[in-house]
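Please examine the sequence and the three-dimensional model shown below. The explanation that follows is intended to be read alongside them.

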Amino acid sequence: METFDPTELPELLKLYYRRLFPYSQYYRWLNYGGVIKNYFQHREFSFTLKDDIYIRYQSFNNQSDLEKEMQKMNPYKIDIGAVYSHRPNQHNTVKLGAFQAQEKELVFDIDMTDYDDVRRCCSSADICPKCWTLMTMAIRIIDRALEEDFGFKHRLWVYSGRRGVHCWVCDESVRKLSSAVRSGIVEYLSLVKGGQDVKKKVHLSEKIHPFIRKSINIINKYFEDYALVNQDILENKESWDKILALVPETIRDELQQNFQKSHSSLQRWEHLKKAASKCQNNIKNDKCGPWLEWEIMLQYCFPRLDINVSKGINHLLKSPFSVHPKTGRISVPIDLHKLDEFDPFTVPTISFICHELDAISTNEDKKENEAESDIKHRTRDYKKTSLAPYVKVFECFLENLDKSRKGELLKKSDLQKDF
């Protein structure tokens, strides 16, 4: 994938919004079948323009209105907000206090910087294949819980374009949830607690909740490769002392000695597991059991959610198919059937897909009549670039939403016939 030059962004965005952005699928998503009157018209969008100019409370009548505005403004970033009681672009004309956020998808934001205390390969905005596994585990754990524990059907996972992932839960009933219920859901999904000063961030009791057991099962599949080989979390004294700070003092000295005699993180982890089970057999000691190693695994691998993003109905979140202005990568949907193969470094940049388009257009211009309309052009344009498979993932998600909506409507009409 070619390198991205931020100085080219304004020109690239013009081409992207004119020829490549998947407007019809995007509108189809946020219009939700047009079932609720003015649902799309009352939705807030915000645009970040060049030089960090930030415009909130944008709203649009229809797909064509949205297209025109995006092609006029060429936003560096697009955020999606709530569906309000009134049109957001008229919020200044509404009586004070009447303009209220009413509905929004339940969203989750997982950012790699929140794992800086437990990853050894990178820090802050940097990511690499060695730490990306954290995002893979996070998606597996959260998605399983949303589906199995809560029964939510329509979940869209999206790569942020730089160092994290977002999830949009779009079921009709979920979009109506209050802030308090959203907080409860995020609380249920949160285990790692405490700021920088808190060493031990996970505390389990003897009664292990099924959600935690199932999360451990997922982490187990990745732990050896991710934590003991790639991150090498017990490589040297500096790194293993961080882990020894999480175990009871009664077994610390013995582990310190065994760790010094061992030659790899894998061997040291085996010592830790043995010490934990020995300690568990000592009835008087209530500080450890198998959950001691689980606490460490969870602290190093469990998802870290940004709670505020999820609980606020009026909180904005970066839109799918937005472009990341620092990396140039498109914020693309992730295919969960191929999650383990997803590689953020192969996600196309805006410069890459625009160059693909240029190459194709040059060939086609020779063959095609100039009079062909821009619309006809664009409906096919993204399909000729590396963006196509990601739009396909989005379309599968939309098809499931449509099916489920039709199913609900059929159910309602059947119920009405029964009366």
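The paragraphs below treat the helix pairs first and then several individual residues.

The structure is a predicted model. A suitable starting point is helix α2, which spans residues 23–31. This helix is mostly covered, since 7 of its 9 residues are buried. The buried positions are Y23, Q25, Y26, Y27, W29, L30 and N31. Directly after α2 comes Y32, a residue with a positive phi near 45°. As a matter of general background, most residues other than glycine have a negative phi.

Helix α2 packs against helix α3, which comprises residues 63–73; the two axes are 10 Å apart and the packing angle is about 125°. How are α2 and α3 oriented to each other? An angle between 115 and 145 degrees falls into neither the perpendicular nor the antiparallel class, and α2 and α3 are therefore oblique to each other. The crossing in which α2 passes α3 is right-handed. On the α2 side, the contact is formed by Y23, S24, Y26 and Y27, which meet Q63, L66, E67, M70 and Q71 of α3. Sorted by class, this contact of α2 with α3 contains 5 nonpolar, 3 polar and 1 charged residues. Three of the α2 residues named in the contact, Y23, Y26 and Y27, also appear among the buried residues of that helix.

One of the contact residues on the α3 side, Q71, can be described further. Q71 is placed in helix α3, and its relative accessible area of 30% makes it partly exposed, because the buried class requires a value under 20% and the exposed class one over 50%. The C-alpha atom of Q71 is separated by 51 Å from that of H203, and the two residues are 132 residues apart along the chain.

The next pair consists of helix α4, residues 129–149, and helix α7, residues 210–230. Their axes come within 10 Å and cross at roughly 170°. Because angles over 145 degrees count as roughly antiparallel, α4 and α7 belong to that class. From α4, the residues K130, C131, T133, L134, T136, M137, R140, I141, R144, A145, E148 and D149 take part in the contact, and from α7 the partners are F211, K214, S215, I218, I219, Y222, Y226 and N230. The class composition of the contact between α4 and α7 is 10 nonpolar, 4 polar and 6 charged residues.

The loop between α7 and α8 contains D232. This aspartate has a positive phi of about 50° although it is not a glycine. With a relative accessible area of 22%, D232 counts as partly exposed.

Helix α8, residues 237–244, is paired with α9; the axes of these two helices come within 11 Å and cross at roughly 155°. The pair α8 and α9 is therefore roughly antiparallel, and its crossing is right-handed. K237, W240, D241 and L244 of α8 meet R252, L255, Q256, F259 and Q260 of α9. This contact of α8 with α9 divides into 4 nonpolar, 2 polar and 3 charged residues.

Where is helix α9 bent? Helix α9, residues 249–261, has a kink of about 25° that is centred on L255. The buried residues in α9 include I251, L255, Q256, N258 and F259. L255 is thus named at the kink, among the buried residues and in the contact with α8.

Two loop residues complete the account. D52 lies in the loop between β1 (43–49) and β2 (53–58). Its phi is positive, about 60°, although D52 is not a glycine. Is D52 buried or exposed? The relative accessible area of D52 is 66%, so this residue is exposed.

Y76 is located in the loop between α3 and β3 (77–84). At 15% relative accessibility, Y76 counts as buried, because the limit for that class is under 20%. Leaving aside residues up to four places away in sequence, Y76 touches L9, P10, L13, T48, L49, K50, V323 and P325. Y76 and L409, by comparison, are 333 residues apart in sequence, with 39 Å between their C-alpha atoms.

Terms used: Residues numbered from 1 in each chain as written. Predicted model: local features only at pLDDT ≥ 70, side-chain atom pairs only at ≥ 80, totals over all residues. Heavy atoms only, no water. Bend = angle between axes of the 7 residues up to and from the residue. Helix = DSSP H or I, 4+ residues; strand = E, 2+ residues; numbered from the N terminus. Buried < 20%, exposed > 50% of the residue type's maximum accessible area, 1.4 Å probe, protein only. Axes fitted to C-alpha atoms, helices over the stretch in contact; angles between N-to-C directions. Parallel < 35°, antiparallel > 145°, perpendicular 65-115°, else oblique. Left-handed = near helix turned anticlockwise from the far one by under 90°. Contact = heavy atoms within 4.5 Å. Nonpolar A, V, L, I, M, F, W, Y, C, P; charged D, E, K, R; others polar.
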